[in-house]
Amino acid sequence: MSTIEIRLFDPERDEDLSQDLVQLQIDCITADGALLRFHPPFDKEKRQQMQLFWEDRFRQCRQGLRVSFLAVKKTDANKETLCGVVDLGLPVADTGPFRADVEMLMVSPHHRRKGIAKKLLFALESYAEEKERTLLVNLGIIKFFGGRSLTDLKQLSTDAGSTAAAHVYPAMGYTKFGTVPDYGIKPDTAKLVAGEYFYKDLRKSNASTRA
Ligand SMILES: CC(C)(COP(=O)(O)OP(=O)(O)OC[C@H]1O[C@@H](n2cnc3c(N)ncnc32)[C@H](O)[C@@H]1OP(=O)(O)O)[C@@H](O)C(=O)NCCC(=O)NCCS
C-alpha cells in the first residue's frame, strides 16, 4: 500500500533530491509545455544547469529565504517517491514583511487529479499564516495559447488557460490581478505566451477555500 504525504523539504536530509526535482520539472515541461524556466533538449549540460537551479534554491532554504513543500508517495518499506512540489519565497522587505511568493507548483503527470496540488497549497498556506506571511503573490502563471501566432494573442477569451491558471488557483480562492502579454517562450512551440498573475490575502480569504 502507498500513501501521499506532504512534508517540508529538509536541506540537510534532502540534499540528494535535486535530481528527482529536475526529473519532475522535465516531466512537467514535456507533458504540459509549462513555462518552468528551462527548454529541451534535456541533455547532460541542461540537466546540470537545472540541478544548479535547485541547489541554489536549497541554499535559500538554508538561509531562511524560502521553504519547499514536497508531496511524496510512501510505500510500506518507507521508501519515498517525489510526486509534487511547491515553493514559498520569503523575501526580506521592511515594506511588506507579510508578503510571500508562491512558486514552482508542479505535480508529476503520473499523479494528477488526486488533489495533490491542493494539498500542497493548503500546507503552504497554513505555514505562511503561522509565519504571518498573509499576502501571497504568484508571479508566473502562464496563459497558454496552443502555439498560435503572436497576432492571435488578442483573442484571449477564446483561448484555454493553463490548468493552474484556469482551475487550481481560482479553486483555491486566488484572485487574478493582471496579464502580461508576451511574457515567455513556450518550450514546445517556441511561441510567446502571456503570464497571468494571482494573489491571495489569507486574512480575508473565504473559510470554504481553506478547509
Ligand atoms: C497545475 C497542476 C499543479 C495541478 O496539479 P493536480 O495535483 O493535478 O491538481 P489537483 O488534483 O489538486 O486539482 C486541483 C483542482 O484543479 C482542478 N483541476 C486540476 N486539473 C484539472 C484539469 N486538467 N482540468 C480541469 N480541472 C482541473 C480541479 O477542479 C481540482 O479541484 P477538485 O479536485 O476539487 O475538483 C499540474 O497540472 C501541473 O503540475 N502542471 C504543470 C506545471 C504547471 O503548470 N505549474 C503551474 C506553473 S506555476
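## Close-up views of a predicted model

**View 1. V85 and its contacts across the chain.** Leaving aside neighbours within four places in sequence, V85 touches L21, L24, S68, F69, L70, M104 and M106. This is a predicted model, so please read each view here with that in mind. V85 itself sits in strand 3, which spans residues 80-89. Is V85 buried or exposed? V85 is buried, because 27 other C-beta atoms lie within 10 Å, and the cut-off for that label is 20 or more. If you would like a distance to check, try V85 and I116: their C-alpha atoms are separated by 9.2 Å, although the two residues are 31 apart along the chain.

**View 2. The whole protein chain, for orientation.** Here you can count four helices and seven strands. Starting from the N terminus, the order of elements is β-α-α-β-β-β-α-β-α-β-β. The protein chain has 211 residues, and 29% of them count as buried. Taking contacts between residues at least 6 apart in sequence, 63% join residues at least 24 apart.

**View 3. The shell around the ligand.** Which residues come nearest to the ligand? They are V107, R112, A117, A164 and H167, out of 21 residues around the ligand. At least two shell residues come from each of helix 1 (18-32), strand 4 (99-107), helix 3 (116-130), strand 5 (135-143) and helix 4 (163-171). Helix 4 gives the most, with five residues. By class, the shell holds eleven nonpolar, five polar and five charged residues.

**View 4. The buried side of helix 4.** Look here for A164, A165 and Y169, which are buried. They lie on the same side of helix 4, because they cover an arc of only 80° around the axis. A164 also appears in View 3, among the residues that come nearest to the ligand. Just after helix 4, G173 takes a positive phi of about 85°.

**View 5. Helix 1 packed against helix 2.** Two packed helices are described by the angle between their axes and the distance between the axes. For helix 1 and helix 2 (residues 44-62), the angle is about 115° and the axes are 9 Å apart. Their crossing is right-handed. On the helix 1 side, the meeting residues are S18, Q19, L21, V22 and Q25, and these face R47, M50, Q51, W54 and E55 in helix 2. This contact is made of four nonpolar, four polar and two charged residues. L21 is worth a second look, as it is also one of the contacts of V85.

**View 6. Backbone angles to check.** Most residues other than glycine have a negative phi, and most peptide bonds are trans. Where do the exceptions in this view sit? The peptide bond from P40 to P41 is cis, with omega near 5°, and P41 is in the loop between helix 1 and helix 2. R113 is not a glycine, yet it has a positive phi of about 60°. R113 lies in the loop between strand 4 and helix 3, and it is exposed because it has 8 other C-beta atoms within 10 Å. D182, also not a glycine, has a positive phi of about 55°. D182 is found in strand 6, residues 175-185. With 12 C-beta neighbours inside 10 Å, D182 counts as exposed, since that label covers 12 or fewer.

Conventions:
Residues are numbered from 1 along each chain as its sequence is written. This is a predicted model: local features need pLDDT of at least 70, side-chain atom pairs count only at pLDDT 80 or more; totals for chains, interfaces and linings use all residues. A residue is near a molecule or strand if its C-beta atom, placed from the backbone, lies within 6 Å of it. Ala, Val, Leu, Ile, Met, Phe, Trp, Tyr, Cys and Pro count as nonpolar, Asp, Glu, Lys and Arg as charged, and the others, Gly among them, as polar. Two residues are in contact if their C-beta atoms, placed from the backbone, lie within 7 Å. Axes are lines fitted to C-alpha atoms, for helices over the stretch in contact, and angles run from 0 to 180 degrees between N-to-C directions. A crossing is left-handed if the near helix is turned anticlockwise from the far one by less than a right angle, and right-handed if clockwise. The arc is that of the directions from the helix axis to the C-beta atoms.
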